[in-house]
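Student: Could you take me through one part of this structure slowly? I'd like a close look at the place where the ligands sit, and at what surrounds them.

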Amino acid sequence: MRKKLSSMIHTSSTQDVPEVAGVPKHVAIIMDGNGRWATKRFLPRVAGHSQGLDTVRKIVKECGDKGVEYLTLFAFSSENWRRPAEEVGFLMKLFLTALEKEITRLHRNNVRLRLIGDLSRFDPLIQERVAAAEARTAENTGLNLTIAANYGGRWDILQAVSACIKANPNLDPDAINEEFLAPYLSMPYAPEPDLFIRTGGEQRISNFLLWQLAYTELYFTDVLWPDFDTQELQNSFDWYRDRERRFGRTSAQVVSAQETGK
Ligand code: IPE
Ligand code: IPE
Ligand code: MG
């Protein structure tokens with residue numbers, strides 16, 4: 001049982017010389033700039049969040065069509081509770097209605113939905129809908145869509161350490177290594193992201209996937225999330241295709257390994 005489970009778990013995708021692929025297998029996005037998009041139009045900030053949901057719909061569809069296998073979207077950080085109560089309240093309502101309204105379309109498109117983050121802080125109704133949506137799409141074989149909600153990269157590492165110690169109470173501290181801890185992190189079903197995109201002009205990680213982004217290619221664009229579209233997505237993929245991922249090796253080693261197929 002343990003063996004079967006571990007063969008399904010991705011510990012790290014940075015061990016081997018990477019294959020050259022035009023389309024990243026796993027894309028992780030910080031969808032930033034909703035508030036500024038709205039403010040520029042003299043609209044309340046929350047109008048930007050509604051418009052941002054339209055972009056989510058388009059980008060999910062496009063990633064599926066392009067053959068991306070995993071798409072991970074940062075929807076609400078563990079720090080976003082610090083925002084004004086009305087904005088947080090609006091985001092919760094939007095989340096709740098999206099869980100109800102979008103799920104049929106996602107299911108029809110063969111998308112498998114999962115949530116990561118500390119969901120215990122959400123309203124019980126949201127928690128119920130998340131569980132129902134995950135269960136409904138669990139057998140789908142298309143795009144693996146992960147929404148990070150009340151997620152923080154530090155929280156993820158801490159909860160993994162805690163779960164790991166609980167599962168192995170007599171653990172020898174010297175026995176802990178990356179492979180041992182990785183299955184307890186929030187996304188053991190996915191390889192580490194190949195491409196990270198942050199819209200909205202800021203060049204920071206804002207406590208997103210700290211562990212998993214160790215060797216991810218980082219793409220930053222000034223385009224605000226509600227304006228991000230399929231052409232902008234293609235631009236990021238074009239940029240990604242020109243990266244040489246070395247994972248610590250020299251360029252010559254990578255080229256030679258790719259030529260010999262090893
Ligand atoms: C990202 O857009 C959405 C969330 C954090 C929920 P912002 O709301 O951060 O937009 P800006 O950065 O203020 O423009
Ligand atoms: C990051 O955006 C979180 C999400 C997009 C959900 P923020 O707008 O909260 O990030 P900071 O505060 O500018 O770093
Ligand atoms: Mg922001």
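Tutor: Let's go through the surroundings of each ligand in turn. Keep in mind that this is a predicted model, and that the distances below are computed from it.

Start with ligand 2. The space it takes is the largest pocket. Find these residues around ligand 2: I30, M31, D32, F74, A75, F76, S77, N80, R83, R198, R204 and S206. If you sort that shell by type, you get five nonpolar, three polar and four charged residues. Strand 2, which covers residues 70-77, gives the largest share of the shell, with four residues.

Now zoom in on the oxygen atoms of ligand 2. R204 has a polar side-chain atom 2.8 Å from one of the ligand's oxygen atoms. For N80, an N or O atom in the side chain is 2.9 Å from an oxygen atom of ligand 2. D32 also belongs on your list, with a polar side-chain atom 3.1 Å from an oxygen atom of ligand 2. How much of ligand 2 does the protein bury? On its own, ligand 2 would expose 390 Å², and the protein buries 78% of that.

Next, move over to ligand 1. Ligand 1 also sits in the largest pocket, the one whose space ligand 2 takes. Around ligand 1 you'll find 13 residues, and the closest are D32, G35, R36, R45 and R83. Two of those names should ring a bell: D32 and R83 are around ligand 2 as well. Sorted by type, the shell of ligand 1 has three nonpolar, five polar and five charged residues.

Which part of the chain gives the largest share of the shell around ligand 1? That's helix 2, with three residues.

Let's look at the oxygen atoms of ligand 1 too. The side chain of R36 puts an N or O atom 2.7 Å from an oxygen atom of ligand 1. N34 joins in through its backbone, where a polar atom is 3.1 Å from an oxygen atom of ligand 1. R83 uses its side chain, with an N or O atom 2.7 Å from an oxygen atom of ligand 1. Taken alone, ligand 1 exposes 380 Å², of which the protein buries 87%. As for the elements that give two or more residues to its shell, they are helix 2 (34-40), helix 3 (45-66) and helix 4 (85-108).

To pull it together, try clicking on R83: it is around ligand 2, and its side chain has that 2.7 Å pair with an oxygen atom of ligand 1.

Methods: Residues are numbered from 1 along each chain as its sequence is written. Chains are lettered from A and ligands numbered from 1 in the order in which they are written. This is a predicted model: local features need pLDDT of at least 70, side-chain atom pairs count only at pLDDT 80 or more; totals for chains, interfaces and linings use all residues. Side-chain values use heavy atoms; hydrogens and water are left out. A residue is near a molecule or strand if one of its heavy atoms lies within 4 Å of it. A polar contact is a pair of N or O atoms within 3.5 Å; within protein, one must be able to donate a hydrogen and the other to accept it, and residues adjacent in sequence count only if both atoms are side-chain atoms. Accessible areas come from the Shrake-Rupley method with a 1.4 Å probe; for residues, only the protein chains shown count as cover. On a 1 Å grid over the protein atoms alone, a cavity is a set of points where a 1.4 Å probe fits but cannot get out, and a pocket is an open set with protein on both sides within 12 Å along at least five of seven lines; lining residues have an atom within 4 Å of a point. A molecule sits in a cavity or pocket if more than half of its atoms lie within 2 Å of its grid points. Ala, Val, Leu, Ile, Met, Phe, Trp, Tyr, Cys and Pro count as nonpolar, Asp, Glu, Lys and Arg as charged, and the others, Gly among them, as polar.
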